[in-house]
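Dear colleague,

Please find the structure below, handed over for your own inspection. My notes on it come after.

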Amino acid sequence: MRDAEPQAVRLADYRPPEWLVDTVDLDVALHPTQTRVTARLALRRNPEGTPDAPVILEGDGLTLVRLALDGAPLAGSSFEASPERLALRHPPSDAFTLEIETLVDPTANTQLMGLYRTSNNYCTQCEPEGFRRITYFPDRPDVLAVYTTRIEAELDEAPVLLGNGNLVSSGPVLGASRHFAVWHDPWPKPSYLFALVGGKLAKVSDSFTTASGRQVELGIYVEEGKEARAGYAMDALKRSMRWDEEAFGREYDLDVFNIVAVSDFNMGAMENKGLNVFNDKYVLASPQTATDADYSGIEGVIAHEYFHNWTGNRITCRDWFQLCLKEGLTVFRDQEFSSDQRSRPVKRISDVRMLKAAQFTEDSGPLAHPVRPETYREINNFYTATVYEKGSEVVRMLKTLLGEEGFRKGMDLYFERHDGEAATIEDFLASFADATGHDLSQFALWYSQSGTPTLEVKGAWDEAAGTYRLDVKQSVPPTPGQSEKKPMVIPLALGLVGPDGADMPLMLGNTPVERGVVEVTQKEQSFLFTGLDAKPVPSLNRGFSAPVNLKSDLTPEDRVFLAAHDGDPFNRFDALQGLALGLLTRAARGGAADGEAALIDAAGRLLADAALDPAFKAQALALPGEGEIARELGSDVDPDAVFAVRKALRLKLGAALAGPLAETYAALGTAAPFTPDAASAGRRALRNLALDYLAVSGSDEGVARAQAQFAAADNMTDRMAALAVLAQHDRPERAAALDAFYARFERDALVIDKWFTLQAQIPEAGTLERVKALMLHPAFSMGNPNRVRALVGAFAATNPTQFNRADGAGHAFLADVVLSLDAKNPQVASRLLSAFKTWRQLEPGRRGHAEAALRRVADTPGLSPDVADIATRSLG
Ligand code: 0A1
Ligand code: ZN
């Protein structure tokens, strides 16, 4: 394990690398416990570095076997080697070849960083700092080299050998049971994009012809027997490749593109050059085993990793502070892809739901940090919703401000200028500024200021003048390390909705507002809209044009009106959500839940609107989650009270709309076989929402309907939805259904994960004990990240009443699991621990338990830097 108290790294301290590496020739002889890695590095002194700087290469737990310089073995006195570093204090010249032989043990690697084993196959994960667990290297993203990798293994153990780039040669190793493959990647890349895979894997093949006629062989490698489940991923890959050509003018650049699905993986997937490695959850799907959400997750992640080929690989990051340069931009690109493949408004709604649930929460608590952090102790802890999701929102705002054409010009210039480089956020913004003439210096605050801005908006109607004035005030709350904030550039898309429900003209003086977007740039600002013949209802922040907390003076009547008429579908959704959130927070504070009748009425009308997409209805009719209600409350949160008021409202909606819901349920039933397209998925989503509302009361009829659906379902979406309904009711049907589900899918780990998750989410007093018992279940394993996340992660992150039990047992349990997992897999342990990110908003009793649990973790000796960092920042 690494030093538990590593020095903080600061963006301000960035210095160019002292030594560059032009080529890396790797020879990897795979062995379960003693893999021999020979690395030949062509090192060259960086002319921009410090004269006489020593060569210092990073390592992590390495065993050095041999070292040679320009072919001659090096005497022990001329270098210093430890598991963590290799230093040549007095290099003999400014350019030479260093040959380094190390031994690594992939079987003992439970961190799943560097070279490790999964289901007896070999695979690597190098982002962000895993390459140093394979060989000594200047392991930083601004050292770009051309890699050639020779992999050797026992033929019967690893018949498949994959590397980055194109296959150069392969064959048997003479006189032995071993074979080899040589891969060459012509594109210079940082070490974090290196990958190799060896093992017994089945290949699903296809091909793609790029716009300019290059033929690309596509391969998806999966466990034998799972080939049929890779079809959807392959289809998504081909669609992604075509889309990037059409939407961004970006073509693929190698002869092969391979994806390998593995069952032990710390994250979702990894964009290694030409050899993406995926958590199999984001590759494998069949109607019987995957839900609609799984299918759209696969589509999104396949696209995301593929799009990294240009935004991340061809143009990479200068340092890890620039992580959002590739991640925020690539999330933006994958969101746009999914919007084009599916329904744009529905995609936007689900993205914003997730942004609010994950990022707004992070931004309002102790782990808040800027999209581009300025300091870190453990970079693994910065793969966050802020870097990814808020990072994407910042790119989206740029597009909103510059318009379609300006944005495309900026992107084109960025690709043209920085291809083959390790770039910064400044480079990115300069491309847009130079391409369009826009001054983006104030906009850049989005990268440096943390915290979700609040935008207060008040309207004033002047009947005599026919004008409507919007008074806008912005503020950014204090966040860790940042007490004072400057005003930001907030692109506010809006419309003025007239009494007939249609948009009225949007004029500032005599000028029409371009694209319906005004730019808020000051602390306080007013906009006077003219030429209006009736009082409008403002539809603000359309499409969620800026990631802000909007506080408007809209009345409940205005919201009911917008829910029925707004021309912007996002705001139609948001109007209903706002109504619900308003009354839920009032009720949770002990006030009267007034406004229910209006909400029920608005919901009923939306449900009955035949012109609306079922997927949209399903989103609009799903109440804000417990987390969102808690965030809105802000302090002294009692999760039981939040759950109770939400459940009470679900009961009322279910009872009041029972007739139309039952009709919806019946009307959307179909005998057609399952297809994962967005339209069919939308119908299932609405039907399953109806199923849920109709059973909230636990009535015999509601439960029987769910039970019948569970028994008859021909696909996982419907089966799972029914099981989720049954799981909410402590009745004999629940145990029976859970048992039947387990028996049917016992051999399918990804499906059993759903079974674990569902049970971890039961909002009942016995759930913690159930989770503890399930940890002893033979299908559970602390060594597999998916299993840990499915059970413990789901409990901590998605079961607010039971995780935050008043007696503190839920908090203590999470601390115990984090501490026992830390030595094995610090990354997964620290992610689990970040479930405490909202602990300060709890009421005093629960807050005390959370603090005690966090302190117990923080005070434990020998913590990994990952867990130590989250624990101390959470308490800070
Ligand atoms: N770059 C990947 C995310 C990723 C980061 C770290 C990892 O290490 C375990 C794995 C993947 C992405 O954005 O998809
Ligand atoms: Zn990414």
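The notes below cover the nonpolar cores and then one pocket.

This is a predicted model, in which local features need pLDDT of at least 70 and side-chain atom pairs count only at pLDDT 80 or more, while totals for chains, interfaces and linings use all residues. Residues are numbered from 1 along each chain as its sequence is written, and side-chain values use heavy atoms, leaving out hydrogens and water.

A nonpolar core is a set of buried Ala, Val, Leu, Ile, Met, Phe, Trp, Tyr and Cys residues joined through side-chain atoms within 4.5 Å; buried means under 20% relative accessible area with a 1.4 Å probe, protein chains only. The largest such core holds 159 residues, of which Val283, Phe428, Phe443 and Phe529 touch the most other members. Its main contributor is helix 5 (residues 385-418), with 12 residues; helices are DSSP runs (H or I) of at least four residues and strands (E) of at least two, numbered from the N terminus. Another core, apart from this one, has 115 residues, including Leu355 and Phe544.

The lining of the second largest pocket (an open set of points on a 1 Å grid over the protein atoms alone, where a 1.4 Å probe fits, with protein on both sides within 12 Å along at least five of seven lines; lining residues have an atom within 4 Å of a point) comprises 40 residues, and Val9, Glu58, Glu129, Arg132 and Arg140 are the closest to the pocket's centre. Strand 4 gives the most to this lining, with four residues.

With kind regards

Technical notes. Chains lettered and ligands numbered in written order. Buried < 20%, exposed > 50% of the residue type's maximum accessible area, 1.4 Å probe, protein only.
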